[in-house]
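Welcome! Have the structure open beside you, and let us walk through it together, one step at a time.

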Amino acid sequence: MASGFGLSGGPSRCFPFWQEVLACYVVNTDADSDSGKHKCRPVLDDYYECLHHKKEAAKVSALQAAYRRREAQTPRDQAPSAGEIRSLGLLDRKAEEVDISAASTIPRYSDNAPKGASTIAEKVGLK
């Protein structure tokens with residue numbers, strides 16, 4: 001807030017709050033006495049919140065803590081065990097149940113070739 005200019009060259013994000021603080025000081029104080037400064041405390045607090053976001057950070061922190069406490073209190077229904085998560089259920093099964101073979105998972109040109117297209121081997125005369 002030293003210059004009053006924001007990052008994009010316009011007024012900073014807190015400049016309107018600063019203007020309110022100055023207006024409050026002008027209205028409530030004079031050259032002889034500044035006894036009216038205490039009336040500007042709420043406006044000054046708003047300006048400080050705009051600069052530092054302390055109240056907002058405290059509120060977010062309290063919400064996150066409450067959320068974590070609530071999650072810890074409520075057990076999940078049928079939650080998978082750590083072993084099930086690590087193995088994705090594939091290691092405990094038999095090979096027939098899993099049915100994964102390298103030949104069936106790797107696509108071949110003939111799988112994706114348009115109907116009636118001949119392969120390179122047929123063109124060369126190898127087939």
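Let us begin with a residue that has an unusual story. Glu-49 is buried, yet it has no salt bridge. The nearest side chain of opposite charge belongs to Lys-55, and it is 5.5 Å away. A salt bridge would need a side-chain nitrogen of Lys or Arg within 4 Å of a carboxyl oxygen, so this pair does not qualify. Leaving aside residues up to four places away in sequence, Glu-49 touches Lys-54, Lys-55 and Glu-56.

Before going further, please keep in mind that this is a predicted model. Averaged over the protein chain, the pLDDT is 79, and 69% of the residues score at least 70. Confidence is highest in H2, at 95, and lowest in helix H6 (residues 102-105), at a mean of 61.

Helix H2 is also where Glu-49 has its place, so let us stay there. How far apart are the end C-alpha atoms of H2? They are 16 Å apart, which agrees with the 16 Å that 12 residues should span at 1.5 Å a residue. Just after H2 comes His-53, and its phi is positive, near 55°.

Which residues of H2 are buried? They are Val-43, Leu-44, Tyr-47, Glu-49 and Cys-50. An α-helix has 3.6 residues a turn, so residues three or four places apart point the same way. The buried residues of H2 pack against H1 and helix H3 (54-73).

Now look at the largest nonpolar core, which has six residues: Cys-14, Val-21, Val-43, Leu-44, Tyr-47 and Cys-50. Helix H2 (residues 41-52) gives the most to this core, with four residues. In soluble globular proteins, nonpolar side chains tend to be buried together. One member of the core, Cys-50, touches Arg-13, Cys-14 and Phe-17, again not counting residues up to four places away in sequence.

For a last stop, move to helix H1 (residues 15-28) and find Tyr-25 there. Is Tyr-25 buried, exposed or partly exposed? Tyr-25 has a relative accessible area of 26%, and because buried means under 20% and exposed over 50%, it counts as partly exposed. Beyond residues up to four places away in sequence, Tyr-25 touches Lys-37, Cys-40 and Leu-44. Tyr-25 and Lys-37 are 12 residues apart in sequence, and their C-alpha atoms are 6.5 Å apart in space. The contact with Leu-44 brings us back to the nonpolar core, since Leu-44 is one of its residues.

How values were computed. Residues numbered from 1 in each chain as written. Predicted model: local features only at pLDDT ≥ 70, side-chain atom pairs only at ≥ 80, totals over all residues. Heavy atoms only, no water. Core = buried A, V, L, I, M, F, W, Y, C linked by side-chain atoms within 4.5 Å. Buried < 20%, exposed > 50% of the residue type's maximum accessible area, 1.4 Å probe, protein only. Helix = DSSP H or I, 4+ residues; strand = E, 2+ residues; numbered from the N terminus. Contact = heavy atoms within 4.5 Å. pLDDT = per-residue confidence, 0-100. Lys, Arg positive; Asp, Glu negative; His and termini not counted. Expected span 1.5 Å × (residues − 1).
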